Amino acid sequence: MKSAKFLACASVLGLSLAVGASSSFAEDSKDPIKIITNNWTSQLVLANVVGQVLQSKGYNIEYKSSDTQLQYTALASGDMDFQVEGWEGSQGESFAKAVAAGALDLGAHDAVTREDWWYPSYMNEMCPGLPDWKALDACAAKLATAETGTKGRFVGPPADWGKHYSERITALKMNFQEVPVGQAATLWAELQAAYDRKEPVVLFNWTPNFIEAKFEGQFVEFPEYSAECYSDPKWGSNPDAIYDCGAPAKGYLKKIGSKQLMEKWPVAAEILKKVNFTNPQIAAAASMVDVDGMTPEDAATKWVKENEATWKAWVQ
Ligand code: TMO
(Lines give C-alpha, C1' and ligand atoms only; values in the text may rest on other atoms or scores of the structure.)
Protein backbone atom coordinates (compact mmCIF):
# COMPACT_ATOMS: atom_id res chain seq x y z
CA MET A 1 0.00 0.00 0.00
CA LYS A 2 2.82 2.31 0.88
CA SER A 3 4.52 1.82 -2.48
CA ALA A 4 1.23 2.20 -4.39
CA LYS A 5 0.65 5.54 -2.71
CA PHE A 6 4.21 6.58 -3.46
CA LEU A 7 3.92 5.60 -7.13
CA ALA A 8 0.74 7.63 -7.54
CA CYS A 9 2.36 10.59 -5.86
CA ALA A 10 5.57 10.25 -7.86
CA SER A 11 3.75 10.16 -11.18
CA VAL A 12 1.70 13.26 -10.30
CA LEU A 13 4.86 15.16 -9.47
CA GLY A 14 6.74 13.65 -12.36
CA LEU A 15 9.49 12.35 -10.09
CA SER A 16 11.73 9.56 -11.24
CA LEU A 17 11.65 6.30 -9.35
CA ALA A 18 15.36 6.57 -8.68
CA VAL A 19 14.65 9.48 -6.33
CA GLY A 20 12.06 7.39 -4.54
CA ALA A 21 14.51 4.57 -4.00
CA SER A 22 16.92 6.76 -2.08
CA SER A 23 14.47 8.84 -0.06
CA SER A 24 13.53 7.99 3.50
CA PHE A 25 10.12 6.85 4.54
CA ALA A 26 7.51 9.57 4.79
CA GLU A 27 6.28 8.70 8.28
CA ASP A 28 9.79 8.82 9.79
CA SER A 29 11.31 11.96 11.31
CA LYS A 30 13.99 13.91 9.42
CA ASP A 31 15.89 14.46 12.69
CA PRO A 32 19.22 12.67 12.79
CA ILE A 33 19.26 9.20 14.28
CA LYS A 34 22.11 9.28 16.80
CA ILE A 35 24.20 6.13 16.41
CA ILE A 36 26.64 5.36 19.23
CA THR A 37 30.30 4.62 18.58
CA ASN A 38 32.60 3.02 21.18
CA ASN A 39 36.29 2.24 21.60
CA TRP A 40 36.77 -1.11 19.87
CA THR A 41 37.09 -1.72 16.16
CA SER A 42 34.28 -4.12 15.19
CA GLN A 43 31.80 -1.78 16.89
CA LEU A 44 33.15 1.23 14.99
CA VAL A 45 32.89 -0.60 11.66
CA LEU A 46 29.42 -2.03 12.27
CA ALA A 47 28.04 1.27 13.63
CA ASN A 48 29.18 2.85 10.37
CA VAL A 49 27.71 -0.02 8.31
CA VAL A 50 24.30 0.55 9.90
CA GLY A 51 24.66 4.33 9.49
CA GLN A 52 25.62 4.04 5.82
CA VAL A 53 22.74 1.64 5.10
CA LEU A 54 20.25 4.02 6.74
CA GLN A 55 21.79 6.98 4.90
CA SER A 56 21.31 5.13 1.61
CA LYS A 57 17.62 5.05 2.50
CA GLY A 58 17.61 8.83 3.03
CA TYR A 59 17.92 8.99 6.83
CA ASN A 60 19.97 11.64 8.57
CA ILE A 61 22.63 10.08 10.78
CA GLU A 62 24.82 11.49 13.52
CA TYR A 63 27.58 9.45 15.17
CA LYS A 64 28.02 9.97 18.90
CA SER A 65 31.01 8.58 20.73
CA SER A 66 30.19 7.26 24.20
CA ASP A 67 31.51 5.46 27.24
CA THR A 68 30.33 1.84 27.17
CA GLN A 69 28.42 2.02 30.46
CA LEU A 70 27.17 5.64 30.28
CA GLN A 71 25.70 5.02 26.82
CA TYR A 72 22.91 3.04 28.47
CA THR A 73 21.79 6.06 30.50
CA ALA A 74 21.83 8.09 27.26
CA LEU A 75 19.72 5.44 25.49
CA ALA A 76 17.20 5.30 28.34
CA SER A 77 16.87 9.11 28.42
CA GLY A 78 16.75 9.44 24.62
CA ASP A 79 20.01 11.42 24.22
CA MET A 80 21.33 8.72 21.87
CA ASP A 81 19.30 6.37 19.70
CA PHE A 82 21.08 3.19 18.67
CA GLN A 83 23.81 0.80 19.78
CA VAL A 84 24.70 -2.07 17.41
CA GLU A 85 26.91 -4.11 19.81
CA GLY A 86 25.60 -4.64 23.34
CA TRP A 87 27.83 -7.39 24.79
CA GLU A 88 26.41 -9.43 27.66
CA GLY A 89 29.75 -9.97 29.41
CA SER A 90 30.80 -6.35 29.77
CA GLN A 91 27.41 -4.62 29.58
CA GLY A 92 24.69 -7.08 30.62
CA GLU A 93 23.92 -5.30 33.89
CA SER A 94 23.78 -1.80 32.34
CA PHE A 95 21.72 -3.16 29.45
CA ALA A 96 19.08 -4.64 31.78
CA LYS A 97 18.86 -1.38 33.76
CA ALA A 98 18.41 0.68 30.58
CA VAL A 99 15.62 -1.56 29.29
CA ALA A 100 13.89 -1.34 32.67
CA ALA A 101 14.13 2.46 32.32
CA GLY A 102 12.45 2.48 28.90
CA ALA A 103 15.19 1.80 26.33
CA LEU A 104 14.27 -0.74 23.64
CA ASP A 105 15.73 -4.23 23.37
CA LEU A 106 15.95 -4.55 19.58
CA GLY A 107 16.93 -8.21 19.66
CA ALA A 108 20.03 -10.37 19.40
CA HIS A 109 22.45 -10.95 16.56
CA ASP A 110 23.21 -14.55 15.56
CA ALA A 111 26.68 -13.97 17.04
CA VAL A 112 27.53 -15.72 20.32
CA THR A 113 30.06 -13.80 22.39
CA ARG A 114 32.56 -14.22 25.18
CA GLU A 115 34.72 -11.70 27.05
CA ASP A 116 37.14 -12.91 29.68
CA TRP A 117 40.73 -13.62 30.73
CA TRP A 118 42.70 -15.13 27.85
CA TYR A 119 46.21 -16.52 27.35
CA PRO A 120 48.39 -17.80 24.46
CA SER A 121 48.39 -21.59 24.05
CA TYR A 122 52.17 -21.97 24.61
CA MET A 123 51.39 -21.29 28.29
CA ASN A 124 49.66 -24.69 28.60
CA GLU A 125 53.13 -26.21 29.10
CA MET A 126 54.35 -23.54 31.51
CA CYS A 127 51.28 -23.76 33.73
CA PRO A 128 50.03 -27.38 33.82
CA GLY A 129 46.29 -27.64 34.35
CA LEU A 130 45.32 -24.64 32.23
CA PRO A 131 42.79 -23.47 31.19
CA ASP A 132 41.45 -24.04 34.74
CA TRP A 133 41.70 -20.83 36.79
CA LYS A 134 43.25 -22.66 39.75
CA ALA A 135 46.15 -23.72 37.52
CA LEU A 136 46.57 -20.11 36.46
CA ASP A 137 46.53 -19.00 40.09
CA ALA A 138 49.20 -21.59 40.95
CA CYS A 139 51.27 -20.09 38.12
CA ALA A 140 50.98 -16.50 39.40
CA ALA A 141 54.73 -16.15 40.09
CA LYS A 142 55.47 -16.63 36.38
CA LEU A 143 53.21 -13.68 35.60
CA ALA A 144 54.67 -11.38 38.26
CA THR A 145 56.06 -8.04 37.12
CA ALA A 146 57.85 -5.12 38.80
CA GLU A 147 54.46 -3.42 39.01
CA THR A 148 52.62 -6.34 40.66
CA GLY A 149 55.38 -7.57 43.00
CA THR A 150 54.83 -11.21 43.95
CA LYS A 151 51.38 -11.26 42.34
CA GLY A 152 50.59 -12.30 38.81
CA ARG A 153 49.57 -9.54 36.42
CA PHE A 154 46.22 -9.63 34.66
CA VAL A 155 46.25 -7.08 31.85
CA GLY A 156 42.72 -5.77 32.25
CA PRO A 157 40.35 -3.85 29.97
CA PRO A 158 39.74 -0.10 29.91
CA ALA A 159 37.53 0.91 32.84
CA ASP A 160 34.29 1.21 30.84
CA TRP A 161 34.28 -2.43 29.65
CA GLY A 162 32.88 -3.84 32.86
CA LYS A 163 34.57 -3.47 36.17
CA HIS A 164 34.36 -6.78 38.02
CA TYR A 165 37.74 -8.35 37.31
CA SER A 166 39.47 -6.97 40.39
CA GLU A 167 36.44 -7.97 42.44
CA ARG A 168 36.69 -11.47 40.98
CA ILE A 169 40.37 -11.69 42.00
CA THR A 170 39.40 -10.76 45.56
CA ALA A 171 36.32 -13.00 45.66
CA LEU A 172 38.29 -16.03 44.44
CA LYS A 173 41.27 -15.09 46.69
CA MET A 174 43.61 -15.18 43.70
CA ASN A 175 47.25 -14.22 43.86
CA PHE A 176 46.76 -11.73 41.02
CA GLN A 177 46.48 -8.02 40.41
CA GLU A 178 44.58 -6.33 37.60
CA VAL A 179 46.51 -3.71 35.64
CA PRO A 180 43.99 -2.06 33.34
CA VAL A 181 44.94 -0.55 29.99
CA GLY A 182 43.65 2.76 28.69
CA GLN A 183 42.76 1.49 25.23
CA ALA A 184 42.46 -1.74 23.24
CA ALA A 185 45.67 -1.12 21.27
CA THR A 186 47.66 -1.56 24.50
CA LEU A 187 46.16 -5.01 25.04
CA TRP A 188 47.35 -6.11 21.60
CA ALA A 189 50.79 -4.54 22.09
CA GLU A 190 51.22 -6.46 25.37
CA LEU A 191 50.09 -9.67 23.70
CA GLN A 192 52.36 -9.21 20.68
CA ALA A 193 55.42 -8.43 22.84
CA ALA A 194 54.91 -11.55 24.98
CA TYR A 195 53.99 -13.73 22.00
CA ASP A 196 57.15 -12.86 20.08
CA ARG A 197 59.29 -14.03 23.02
CA LYS A 198 56.97 -16.87 24.12
CA GLU A 199 56.64 -15.28 27.52
CA PRO A 200 53.62 -15.83 29.76
CA VAL A 201 50.87 -13.21 29.63
CA VAL A 202 47.20 -13.18 30.60
CA LEU A 203 44.95 -10.44 29.32
CA PHE A 204 41.39 -9.41 28.66
CA ASN A 205 40.17 -10.55 25.24
CA TRP A 206 36.90 -11.34 23.54
CA THR A 207 35.37 -13.26 20.69
CA PRO A 208 34.45 -12.59 17.91
CA ASN A 209 37.61 -10.57 17.36
CA PHE A 210 40.49 -10.37 14.88
CA ILE A 211 42.79 -11.97 17.49
CA GLU A 212 41.61 -15.54 16.80
CA ALA A 213 42.92 -15.38 13.21
CA LYS A 214 46.32 -14.09 14.31
CA PHE A 215 47.19 -15.67 17.69
CA GLU A 216 46.64 -19.12 19.17
CA GLY A 217 45.11 -18.98 22.60
CA GLN A 218 42.30 -19.80 24.99
CA PHE A 219 40.05 -18.34 27.63
CA VAL A 220 40.76 -19.18 31.27
CA GLU A 221 37.92 -21.33 32.64
CA PHE A 222 36.52 -19.81 35.83
CA PRO A 223 33.52 -21.19 37.77
CA GLU A 224 30.64 -21.06 35.31
CA TYR A 225 28.69 -17.80 35.19
CA SER A 226 25.19 -17.62 36.57
CA ALA A 227 23.06 -14.54 37.26
CA GLU A 228 23.00 -15.37 41.00
CA CYS A 229 26.80 -15.19 41.11
CA TYR A 230 26.49 -11.45 40.44
CA SER A 231 23.73 -10.86 43.01
CA ASP A 232 23.88 -13.48 45.77
CA PRO A 233 27.06 -13.68 47.90
CA LYS A 234 26.09 -17.17 49.07
CA TRP A 235 26.40 -18.48 45.51
CA GLY A 236 29.80 -19.95 44.64
CA SER A 237 32.99 -20.79 46.51
CA ASN A 238 33.09 -17.54 48.50
CA PRO A 239 29.96 -17.25 50.68
CA ASP A 240 30.69 -13.58 51.46
CA ALA A 241 31.27 -12.23 47.95
CA ILE A 242 29.62 -11.82 44.59
CA TYR A 243 31.61 -12.10 41.33
CA ASP A 244 33.23 -15.42 42.31
CA CYS A 245 32.67 -16.74 38.78
CA GLY A 246 33.58 -16.12 35.14
CA ALA A 247 31.75 -13.97 32.58
CA PRO A 248 29.12 -15.70 30.38
CA ALA A 249 30.84 -18.18 28.04
CA LYS A 250 27.98 -18.00 25.53
CA GLY A 251 26.91 -14.39 25.90
CA TYR A 252 24.45 -12.52 23.74
CA LEU A 253 25.17 -9.64 21.41
CA LYS A 254 22.15 -7.35 21.30
CA LYS A 255 21.00 -4.19 19.63
CA ILE A 256 19.42 -1.50 21.75
CA GLY A 257 17.40 1.58 20.85
CA SER A 258 16.28 4.77 22.55
CA LYS A 259 12.86 5.29 24.07
CA GLN A 260 11.74 7.50 21.16
CA LEU A 261 13.12 5.34 18.34
CA MET A 262 9.83 3.58 17.63
CA GLU A 263 7.72 6.76 17.68
CA LYS A 264 10.08 9.04 15.75
CA TRP A 265 11.44 6.56 13.19
CA PRO A 266 9.02 3.61 13.06
CA VAL A 267 10.33 2.29 9.73
CA ALA A 268 13.98 2.67 10.72
CA ALA A 269 13.20 0.86 13.99
CA GLU A 270 11.93 -2.13 11.98
CA ILE A 271 15.13 -2.08 9.91
CA LEU A 272 17.29 -1.96 13.04
CA LYS A 273 15.44 -4.93 14.52
CA LYS A 274 16.48 -6.95 11.46
CA VAL A 275 20.15 -5.95 11.58
CA ASN A 276 22.01 -9.18 12.26
CA PHE A 277 25.71 -10.04 12.26
CA THR A 278 27.42 -13.42 12.68
CA ASN A 279 30.68 -14.28 14.50
CA PRO A 280 32.77 -14.44 11.28
CA GLN A 281 31.33 -11.12 10.07
CA ILE A 282 32.24 -9.38 13.33
CA ALA A 283 35.76 -10.87 13.41
CA ALA A 284 36.24 -9.77 9.78
CA ALA A 285 35.03 -6.25 10.59
CA ALA A 286 37.65 -5.93 13.35
CA SER A 287 40.31 -7.39 11.07
CA MET A 288 39.76 -4.77 8.36
CA VAL A 289 40.88 -2.12 10.86
CA ASP A 290 43.29 -3.96 13.19
CA VAL A 291 45.05 -6.07 10.55
CA ASP A 292 44.46 -4.28 7.23
CA GLY A 293 44.81 -0.78 8.70
CA MET A 294 41.63 0.67 7.19
CA THR A 295 39.62 3.41 8.88
CA PRO A 296 36.29 2.21 10.32
CA GLU A 297 34.45 4.44 7.80
CA ASP A 298 36.28 2.97 4.80
CA ALA A 299 35.90 -0.56 6.16
CA ALA A 300 32.15 0.03 6.48
CA THR A 301 31.90 1.33 2.91
CA LYS A 302 33.74 -1.75 1.68
CA TRP A 303 31.47 -4.01 3.72
CA VAL A 304 28.31 -2.38 2.38
CA LYS A 305 29.59 -2.78 -1.18
CA GLU A 306 30.47 -6.46 -0.70
CA ASN A 307 27.45 -7.58 1.36
CA GLU A 308 24.51 -6.20 -0.51
CA ALA A 309 22.38 -9.34 -0.10
CA THR A 310 22.79 -9.19 3.69
CA TRP A 311 21.73 -5.59 4.23
CA LYS A 312 19.09 -5.54 1.50
CA ALA A 313 17.25 -8.17 3.52
CA TRP A 314 17.11 -5.73 6.47
CA VAL A 315 15.65 -2.80 4.55
CA GLN A 316 12.96 -4.64 2.60
C1 TMO B 1 33.20 -4.74 24.84
N2 TMO B 1 34.27 -5.61 24.28
C3 TMO B 1 33.77 -6.35 23.11
C4 TMO B 1 35.43 -4.77 23.88
O5 TMO B 1 34.66 -6.47 25.23
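A residue is taken as buried when its relative accessible area is under 20%, as exposed when it is over 50%, and as partly exposed in between. In the predicted model described here, K198 therefore counts as partly exposed, because its relative accessibility is 44%. This lysine is placed in the loop between α9 (184–197) and β8, and its phi is near 50°, a positive value in a residue other than glycine. The charged end of K198 sits over the ring of Y195, at 4.5 Å from the ring centre. A positive phi, of about 65°, is also found at Y243, which is not a glycine either. Y243 belongs to the loop between β9 (217–219) and β10 and, with a relative accessibility of 10%, counts as buried.

Strand β10 follows as the next element of interest. Each of the 5 residues of this strand (residues 253–257) is buried, so β10 is largely enclosed by the rest of the structure. In a regular strand the side chains alternate between the two faces of the sheet. In β10, L253, K255 and G257 point one way, whereas K254 and I256 point the other way, and all of them are buried. Strand β3 (residues 82–87) runs antiparallel to β10 and is joined to it by 4 bridges, while strand β4 (residues 104–108), likewise antiparallel to β10, is joined to it by 3 bridges. I256 takes part in both pairings, being the bridge partner of Q83 and also that of D105.

Aromatic contacts were examined over the whole structure, and the search finds 21 aromatic pairs. For F204 and W206, the ring centres are 5.8 Å apart and the planes stand at 45°, so this pair is classed as tilted. Both residues are buried, F204 with a relative accessible area of 0% and W206 with one of 7%. The pair of F277 and W303, by contrast, is edge-to-face, with 5.4 Å from centre to centre and 70° between the planes. F277 lies in the loop between α12 (266–274) and α13 (279–290) and W303 in helix α14 (residues 296–306), so their pairing ties together parts that are 26 residues apart in sequence. F277 and W303 are both buried.

F204 and W206 also belong to one aromatic cluster, whose members include W40, W117, W133, F154 and W161, together with F222. The ring of F222 additionally has the charged end of R168 over it, at 4.3 Å from the ring centre.

Several aromatic residues recur around the ligand, where W40, W87, W161, F204 and W206 are found alongside S90, Q91 and E115. A polar side-chain atom of E115 lies 2.5 Å from an oxygen atom of the ligand. Taken alone, the ligand exposes 210 Å², and the protein buries 100% of that area.

Two cis peptide bonds may be described in the same model, each leading into a proline. The bond from L130 to P131 is cis, with omega near 15°, and P131 lies in the loop between α6 (123–126) and α7 (133–138). A cis peptide bond likewise joins T207 and P208, with omega about 5°, and P208 is placed in the loop between β8 (203–207) and α10 (211–214).

Methods. Residues are numbered from 1 along each chain as its sequence is written. This is a predicted model: local features need pLDDT of at least 70, side-chain atom pairs count only at pLDDT 80 or more; totals for chains, interfaces and linings use all residues. Side-chain values use heavy atoms; hydrogens and water are left out. Buried means under 20% relative accessible area, exposed over 50%, partly exposed in between (1.4 Å probe, protein chains only). Helices (H or I, at least four residues) and strands (E, at least two) are DSSP runs, numbered from the N terminus. Two strands pair if DSSP finds at least two bridges between them. Rings of Phe, Tyr and Trp (its six-membered ring) pair if their centres lie within 6.5 Å; planes under 30 degrees apart count as stacked, over 60 as edge-to-face and the rest as tilted. A charge sits over a ring if NZ of Lys or CZ of Arg is within 6 Å of the ring centre and within 35 degrees of the ring normal. A residue is near a molecule or strand if one of its heavy atoms lies within 4 Å of it. A polar contact is a pair of N or O atoms within 3.5 Å; within protein, one must be able to donate a hydrogen and the other to accept it, and residues adjacent in sequence count only if both atoms are side-chain atoms. Accessible areas come from the Shrake-Rupley method with a 1.4 Å probe; for residues, only the protein chains shown count as cover.
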